[in-house]
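Thanks for coming, everyone. I'd like to walk you through a structure that is new to most of you, so have a look at it first.

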Protein chains: 2
Amino acid sequence: MSNLTTHELDSPPWLRVESTLMATARLVRSAFDVRLTPLGLNLTQASLIGYVAEFGATTQSELADHLGIGRAQIGSVIDRLQTRGLVERRPRPDDRRVWLVAITDDGRELAGRIAEVDAVLRAELRRGIGREERQALAWVMTRLQQNLATAIATTPPCPPTPPER
Amino acid sequence: MSNLTTHELDSPPWLRVESTLMATARLVRSAFDVRLTPLGLNLTQASLIGYVAEFGATTQSELADHLGIGRAQIGSVIDRLQTRGLVERRPRPDDRRVWLVAITDDGRELAGRIAEVDAVLRAELRRGIGREERQALAWVMTRLQQNLATAIATTPPCPPTPPER
DNA sequence: GCAATACTGTATGGCACCGTACAGTATGTG
DNA sequence: CACATACTGTACGGTGCCATACAGTATTGC
């Protein structure tokens, strides 16, 4: 397989950088989720609370963009947090379409504990990885994101219905 | 419009390397999925076909481990591929518990096209990223995986039921 | 003013995956 | 041999996310 440029150094043929990346991402989510369960939260919820606690009242669409999930999903996430009294929805006088999602007192208190968990876990994850290595990692991934975005945007031929059934 | 979460201003305690990593992983999956839809496959299915085509008949548990998903899920994936005649299940005489999942002729042909798509996309993703940068990326992520594994394994306090409800 | 367009949040159905529990089979131990 | 234990694959319910379609509201053009 791969008659072209078989780097024998470059890891096993199958699971390569992209797969490693996806596996690592799954582990990141698992690790944060595990550490956040004592607070009754998952990573998405914690990120939302942290964001609102730091940047103030935000519309749902903005939150969806910042957290990287869809507008539909963000609604149910907020629903649950609102039921638990951690955030609240406030109308905005000048635009009656939107809700402003704001932190409550309970939410602010929880945000402190979230930040604590976050700091502890991050410190553990940094073991044996230098600062410039982390920055290089971030740089390469940003570059990768650009390439991925253009690759996804380049979907030329037959998106609608695959030749199945 | 670039919801990339990586301005150094935008990186306060919250969305940092870990978030970038997860967002990148999502994009990787999306990119492969988009390129594979013309073949009527998603990334998981394509990986399974590629693995079986290269390494021969394999039990479901081994496949689940190699693809990084659960034993339950791998069954339904194989079901669909089998229905389409891309793989087949063969019994193993010396162990009647297991199925050996093997590639069919149709599957082998499709595997060739999968490898093609894979090579093309990988080439696009490598743009502007040097070889040693990729290797450094892989190294850091491997190290990160180790730290993540130990972090997950270190879940001492209250896993069973969160203090809710 | 008034229609056309764009945007926000919601409802719905679907997908991929997980965790648990279970039946069938192999393997070890008395 | 009988029994307990370990392993394989499957069934089931639950979760997080997406894509689409929709109603309500703002904004733009005339």
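Let me start with a question: how many residues does helix H5 of chain B have, and how far does the helix reach from its first C-alpha to its last? Helix H5(B), residues 105–125, has 21 residues and reaches 30 Å, close to the 30 Å expected at 1.5 Å a residue. The expected span here is 1.5 Å times one less than the number of residues. And when I say helix or strand, I'm talking about DSSP runs, numbered from the N terminus: H or I over at least four residues for helices, E over at least two for strands.

Some housekeeping before I go on. This is a predicted model, where local features need pLDDT of at least 70 and side-chain atom pairs count only at pLDDT 80 or more, while totals for chains, interfaces and linings use all residues. Residues are numbered from 1 along each chain as its sequence is written, and chains are lettered from A and ligands numbered from 1 in the order in which they are written.

Back to H5(B). Which of its residues are buried? They are B:Gly107, B:Leu110, B:Ala111, B:Ile114, B:Asp118, B:Leu121 and B:Leu125. Buried means 20 or more other C-beta atoms within 10 Å of the residue's own, exposed means 12 or fewer, and partly exposed is in between, with C-beta atoms placed from the backbone. The buried residues cover an arc of only 115° around the axis, so they sit on the same side of H5(B); that arc is taken over the directions from the helix axis to the C-beta atoms. On the other side, B:Asp105, B:Gly112, B:Glu116, B:Val120 and B:Ala123 are exposed.

What do those buried residues pack against? In chain B it's H1, H2, S2 and S3, and from the other chain it's H6 of chain A. A contact, by the way, means that two C-beta atoms, placed from the backbone, lie within 7 Å.

One of those partners, H2(B), has 13 residues, and 10 of the 13 are buried. Among them are B:Leu43, B:Ile49 and B:Tyr51. Right after H2(B) comes B:Gly56, with a positive phi near 85°.

Now over to H6(A). Its 23 residues should span 33 Å at 1.5 Å a residue, and the end C-alpha atoms are 33 Å apart, so that agrees. Its buried residues include A:Leu137, A:Met141, A:Leu144 and A:Leu148, and the buried set packs against H1, H5 and H6 of chain B.

So how do the two H6 helices meet? H6(A) and H6(B), residues 131–153 in each, pack at an angle of about 115° with their axes 10 Å apart. The axes are lines fitted to C-alpha atoms over the stretch in contact, and angles run from 0 to 180 degrees between N-to-C directions. Glu133, Ala136, Leu137 and Val140 of chain A meet the residues B:Glu133, B:Ala136, B:Leu137 and B:Val140.

Another spot where the chains touch is A:Ala25, in H1 of chain A. It counts as buried because it has 22 C-beta neighbours inside 10 Å. Leaving aside neighbours within four places in sequence, A:Ala25 is in contact with B:Leu21, B:Met22 and B:Ala25.

Last, the overall picture of chain A: 6 helices and 3 strands, running α-α-β-α-α-β-β-α-α from the N terminus. Of its 165 residues, 30% count as buried.
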